[in-house]
Amino acid sequence: MTSPKRSTERARAGGSLLWALFSFAGRMKRLDFLLASLALAIGHVVLVILALAVTRSGMNDSSGYAVRGIIDLALFWPSAAIAAKRGHDRNRPAARSVLLIGLVYGAGSAMGYLLDAGLRNIGGACALFALAGWVYVFIDYGLIDGTPGANPYGPSPRFAARPGVGDHLAGVFD
């Protein structure tokens, strides 16, 4: 069986951007998680605006829903991948992080459909749930430090830029 450290190193060898956006292996620092999340959010907005401009559809018609749905699905995997790696740094299984991101994405998508259908109470509840979920993700994944030292998901990402330093210094906190 391959150790978490070796599988993480092998996954990162393919390129750090590909690893960050598509791999569920390894751990991710808070700053990297926040920057990747910000980039995905900006990319999401830009893609929706461009797609709606190209298709000349409105946000509230059926083709607008289809465009937003396709973009949401395309960006779910990278969002889940960075959340899983950040969850690993907090010593949590990937399934928990993916479920959390899925619930928040789902509530955000349902909100738009329900509000446009005139179901303001249910749509508002979904909006509140999505907002609370994103605030939770920001605080728990973006602000709280990860597990010091190595954990079952790999070595600490804090010292990954300087090979050999991380394991020695991270061992101080074990």
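Let's start on the surface of this predicted model, where Leu128, Leu131, Val135, Phe138, Ile139, Leu143 and Ile144 come together as a nonpolar patch. Together these residues have about 640 Å² of accessible area. Take Ile139 as one of them: you'll find Ile139 in helix H6, which covers residues 120–143. Ile139 counts as partly exposed because its relative accessibility is 42%, and the partly exposed class sits between 20% and 50%.

Now step back to the whole chain. The protein chain has seven helices and zero strands, so to speak a run of α-α-α-α-α-α-α from the N terminus on. Of its 174 residues, 35% are buried. The chain exposes about 10000 Å², with carbon and sulfur atoms supplying 71% of that area. As for how the chain meets itself, take the contacts between residues at least 6 apart in sequence: 68% of them join residues at least 24 apart.

How far can you trust what you see? The mean pLDDT of the chain is 81, and 79% of the residues reach 70 or more. Over residues 7–14, though, the pLDDT is below 50, and this stretch has twelve contacts in the model beyond near neighbours in sequence. Residues 164–174 also stay under 50, with 13 contacts beyond four places in sequence. Among the elements, helix H7 (residues 165–170) has the lowest mean pLDDT, 45, while H6, home of Ile139, has the highest, 93. Where pLDDT is low, the predicted coordinates should not be read in detail.

Next, look inside at Lys85, which is found in helix H4 (residues 62–89). Which side chain of opposite charge is nearest to Lys85? That is Asp32, and it is 10.0 Å away. Lys85 is buried, yet it has no salt bridge; a salt bridge would need a side-chain nitrogen within 4 Å of a carboxyl oxygen. What does Lys85 touch, then, leaving aside its neighbours within four places in sequence? Its contacts are Trp19, Ala20, Ser23, Phe24, Ala25, Gly26, Arg27 and Met28.

Follow the chain on from H4 and you get to Asn91, placed in the loop between H4 and helix H5 (94–116). The backbone is worth a look here: Asn91 has a positive phi of about 65° although it is not a glycine. Is Asn91 buried, partly exposed or exposed? Asn91 counts as partly exposed, because its relative accessibility is 39%.

Key: Residues are numbered from 1 along each chain as its sequence is written. This is a predicted model: local features need pLDDT of at least 70, side-chain atom pairs count only at pLDDT 80 or more; totals for chains, interfaces and linings use all residues. Side-chain values use heavy atoms; hydrogens and water are left out. Patches are made of residues with over 30% relative accessible area and no salt bridge: like charges are joined within 9 Å, nonpolar side chains (Val, Leu, Ile, Met, Phe, Trp, Tyr) within 5 Å. Accessible areas come from the Shrake-Rupley method with a 1.4 Å probe; for residues, only the protein chains shown count as cover. Helices (H or I, at least four residues) and strands (E, at least two) are DSSP runs, numbered from the N terminus. Buried means under 20% relative accessible area, exposed over 50%, partly exposed in between (1.4 Å probe, protein chains only). pLDDT is the predictor's confidence in each residue, from 0 to 100. Contact means heavy atoms within 4.5 Å. Lys and Arg count as positive and Asp and Glu as negative; His and the chain ends are not counted.
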